[in-house]
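Thanks for sharing this one. Here are my notes, in the order in which I would read them beside the structure.

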Amino acid sequence: MSTYDQIVSLPLCAGLTGLGLVLSYLVMRRRGLGSGLRGAAWSLLPLAAYLTGSVKMFWKIGVAIADFAKGFVFSTEVWSGIAVAGLAALLFVVSRPLRRRGKRGQQGERGERSLRAQDQQAVGAARAKSGQATAGREIAPRTAPVATTAPAQTPVKARKGKNAADDDDDLGDVEDILRRHGIT
């Protein structure tokens, strides 16, 4: 039994399929068999949609989208929802730098611990590099910053010789760290 929807859909789908097959033939003559067969495959899809009843489904989907768009444009409730979603997105964007800043402030104690660990590693590396053996001695972690009464650090004087620049670059930082910890 045919209905009004089927009466309108059959000529439309058959016309699209016929037009597509004609264009596919022209494409096949100009570009080759592969392009023509691909065009024929695309051309058969409207007829397949009609025969499987998918045209009704596509029509219902189109009507539902149109109804949604109509309700979307003229509804103050929907626009209020869009404004709230925009506010939420703005808050996410603004909160990211603030969280980073907060983490930096909270890293005070954790940052000191990691700096102490780095200093200990540097001291151990400096001793190993300079040939001093630690022979069972372990570096004790500091519990509080050590206040020194020594004057401000003076820059390390470069040694004279052919490798003076290389030695100063490699060991200058290590020597500064050792002096800060009172190790000479």
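1. A definition first, as the next points lean on it: a salt bridge here is a side-chain nitrogen of Lys or Arg within 4 Å of a carboxyl oxygen of Asp or Glu. Please also keep in mind that this is a predicted model.

2. How many salt bridges does a search of the whole structure find? The search gives 2. One of them joins the side chains of R179 and E175, with N to O at 4.0 Å. The other pairing to look at is R179 with D176, where the side chains meet at 3.0 Å, N to O. Salt bridges with shared partners thus link E175, D176 and R179 into one network.

3. Why can these side chains reach each other? Side chains of opposite charge can pair when their charged atoms come close. Helix α5 covers residues 164-180, and R179 and E175 sit 4 residues apart in it, so about one helical turn separates them. R179 and D176 are 3 residues apart in helix α5, which again means a separation of about one helical turn.

4. Are the members of this network buried, partly exposed or exposed? R179 is partly exposed, at a relative accessible area of 34%. E175 is partly exposed too, at 30%, and D176 also counts as partly exposed, with 27% relative accessibility.

5. A friendly word of caution on confidence. The protein chain has a mean pLDDT of 77, and 64% of its residues reach 70 or more. Confidence in the chain is lowest in α5, with a mean of 73, and α5 is the helix that holds R179 and E175. By contrast, helix α2 (residues 33-52) has the highest confidence, at 94. Where pLDDT is low, the predicted coordinates should not be read in detail.

6. On the surface, have a look at the nonpolar patch formed by L19, V22, L23, Y25 and L26. Together these residues have about 500 Å² of accessible area. One of them, V22, is placed in helix α1, which runs over residues 4-31.

7. My last point concerns the loop between α3 (54-73) and α4 (76-130), where S75 lies. S75 has 18% relative accessibility and therefore counts as buried, the cut-off being under 20%. A polar atom of the S75 side chain lies 3.4 Å from the backbone nitrogen of E77.

Key. Residues are numbered from 1 along each chain as its sequence is written. This is a predicted model: local features need pLDDT of at least 70, side-chain atom pairs count only at pLDDT 80 or more; totals for chains, interfaces and linings use all residues. Side-chain values use heavy atoms; hydrogens and water are left out. Helices (H or I, at least four residues) and strands (E, at least two) are DSSP runs, numbered from the N terminus. Buried means under 20% relative accessible area, exposed over 50%, partly exposed in between (1.4 Å probe, protein chains only). pLDDT is the predictor's confidence in each residue, from 0 to 100. Patches are made of residues with over 30% relative accessible area and no salt bridge: like charges are joined within 9 Å, nonpolar side chains (Val, Leu, Ile, Met, Phe, Trp, Tyr) within 5 Å. Accessible areas come from the Shrake-Rupley method with a 1.4 Å probe; for residues, only the protein chains shown count as cover. A polar contact is a pair of N or O atoms within 3.5 Å; within protein, one must be able to donate a hydrogen and the other to accept it, and residues adjacent in sequence count only if both atoms are side-chain atoms.
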